[in-house]
Amino acid sequence: MKKILSLALLGLLAGCQDAQPPAGSVAEKPARYYGTLEPFAAEALYFVLTDRFVNGDPGNDQREQGGAHPTFDIPLEPCDGVAGNIGYLGGDFRGLLDQADYIREMGFTSLWITPIVDNPDQAFTGGDEISCTSFLSDRGKSGYHGYWAINFHRVDEHLPSPGLGFAELTAGLRDKGLKTVLDIVGNHGSPAWSMPEAQPQFGQLFAADGSLLADHQNLPPEQLDPQNNPLHAFYNTKAELAQLSDLNPDNPDVVEYLVSAYLDWLDQGAHALRIDTIRHQPLAFWKLVAERLRERRPGLFLFGEAFDYEAKNIAPFTWPENGSISMLDFPLKEAMDKVFSRTDSDFAELLPALHLETGPYQNPYDLVIFYDNHDMPRMQASDEGFIDAHNWLFTARGIPVVYYGSEMGFMRGRGEHAGNRAYFGVEGIEAARGHVIRERLSRVARLREKTPALQRGLQLNLSFAGHTASFLRVLQTGEITQTALVLLNKGEAPARVGLPPGLPTGRWRAALGGADLAEGQAEVEVPGHDIAVFVLDGPLTGPDWTPRLDRLMQRTLVRPPDAKPTVH
């Protein structure tokens, strides 16, 4: 992960990763301006829960699997008229590859998929009963989501097709212009205890050759005996998340097992890794894992999920001493939901979550930004609210990710067991193709793809008030010099957005169509629920800008003493 530089540090650390200047130091004027030099910051991610996207090959559905505890198509009682489903529904590698053009043409450059590893072959009989609003309740659920690994080295049988394994999938996606971001788990395996009678595979872990490595034996964690039973040595003796088998981070064999599996998937074409439930293992564990992975893959981009709306608790993972792992930006997610799901909101509500001049993140520009996902209710917004959210998501600091179906407001407002993870299918794709949300998303996503300043530039805020916001993204490196002026309007009516005085002369081209900025122009009328972007292929210079850009480059890193990054 890259960090913001000053010129003084460049002289000291030539050729090294960039870093924050020491607290209290006097930094020289930066030679260059940028938010990040991280290559992955150029990406825009489309996130799919693979089983729920498209069934491209019914031949791998395993519809008869599970015997007395079948795994396919397990509908729940309806929640407000919509029935969730906790069985497999057929989404697979073929469905991903068949629809790669649909994803790519929206402007996405990476596809983030849920874990591909082998999961149990039955539905779980233990755990807590599922309700419309329950969380971490798993009774009767199958491993359709992929997060219940029993073999971290083996692809689950519901996903591949003849001639289309994971390596072939990643190669095929690359040919379509998409990198593969793979979801991984390092905290737990499958549900391991509370079953009325022990079920095969639950609570077990298998090696790459299929031999048994670990077995919870349907025992509560406190009844495990890792000192005397080698099959218990992979696990902790304290319950953490639901009834999941909790992996022991202090066991070197656990680290070796996980790292070897992750390296296998990287060798087969995974480009970056998203880490599930990262805060449920200690910081030292993730630092070790990150170091081991980057020994083989220097510069590997990793980002984690810590379901916490306090920046101080998320940020320590981003620090170099903890592995330089980027994070999903939950605090900004919370702010985005407030701003874009309500018509009476104020753009200024986004500002505290940005941490542009000071804050706990090593580099906020490397955070992965989103407004909902598979573990929370989807955003409850109007079509216009989604359009406004995307206009922000693809122009503000951070790496944007959109959850499948949001391009048409799919299942908006729905929680995990109430439709959030509903099957999308070819029918959903056809319905989305002409949807106004998708059309407008594609416009701004494609703009970001071809505008480096929107990917990596410093964000210099101008005005955030009511329904309008304006800011600059400034990128000045040895290779690229570009400034983007972004004007947002989330109101119903057109709004005249004022322009700052002192903008440098030159052609400020209208990047989304319309007239270029005229010299000395004082304002721009932005239609309701719309965006205007003007791009100058030149530097932002002058006494009005240099001090502000210098402050942004010399951002202060604050390490909160009361941070609580882990719960392990």
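The paragraphs below lead through a predicted model, beginning with a sheet and then turning to the nonpolar cores and one loop residue.

The sheet is open and built from 8 strands, which pair in parallel and follow the order S12-S11-S10-S5-S2-S1-S15-S14. At its edges stand strand S12 (326-327) and strand S14 (368-369), and because each of these has a single partner strand, one side of each is left without a neighbour in the sheet. For S14 that pairing is with strand S15, residues 399-403, and it runs in the parallel sense over 2 bridges; Ile-369 has Pro-400 of S15 as its bridge partner.

The largest nonpolar core comprises 159 residues, and those that touch the most other members are Tyr-46, Phe-53, Leu-273, Leu-293, Trp-392 and Phe-424. The element that gives the most to this core is helix H5 (residues 252-267), which supplies 10 residues. If neighbours within four places in sequence are left aside, Leu-293 is in contact with Val-259, Tyr-262, Leu-263, Leu-266, Leu-273, Leu-300 and Leu-302. Another core, of 6 residues, lies apart from the largest one, and Phe-124, Met-195, Phe-202 and Leu-244 are among its members.

Gln-99 offers a view of a loop position, since it is placed between helix H2 (93-98) and helix H3 (100-104). Its relative accessibility is 12%, and because buried means under 20%, Gln-99 counts as buried. Once its neighbours within four places in sequence are set aside, the contacts of Gln-99 are with Phe-53, Val-54, Val-426, Ile-429 and Arg-433. Phe-53, one of these contacts, is also named among the residues of the largest nonpolar core that touch the most other members.

Notes:
Residues are numbered from 1 along each chain as its sequence is written. This is a predicted model: local features need pLDDT of at least 70, side-chain atom pairs count only at pLDDT 80 or more; totals for chains, interfaces and linings use all residues. Side-chain values use heavy atoms; hydrogens and water are left out. Two strands pair if DSSP finds at least two bridges between them. Helices (H or I, at least four residues) and strands (E, at least two) are DSSP runs, numbered from the N terminus. Buried means under 20% relative accessible area, exposed over 50%, partly exposed in between (1.4 Å probe, protein chains only). Contact means heavy atoms within 4.5 Å. A nonpolar core is a set of buried Ala, Val, Leu, Ile, Met, Phe, Trp, Tyr and Cys residues joined through side-chain atoms within 4.5 Å.
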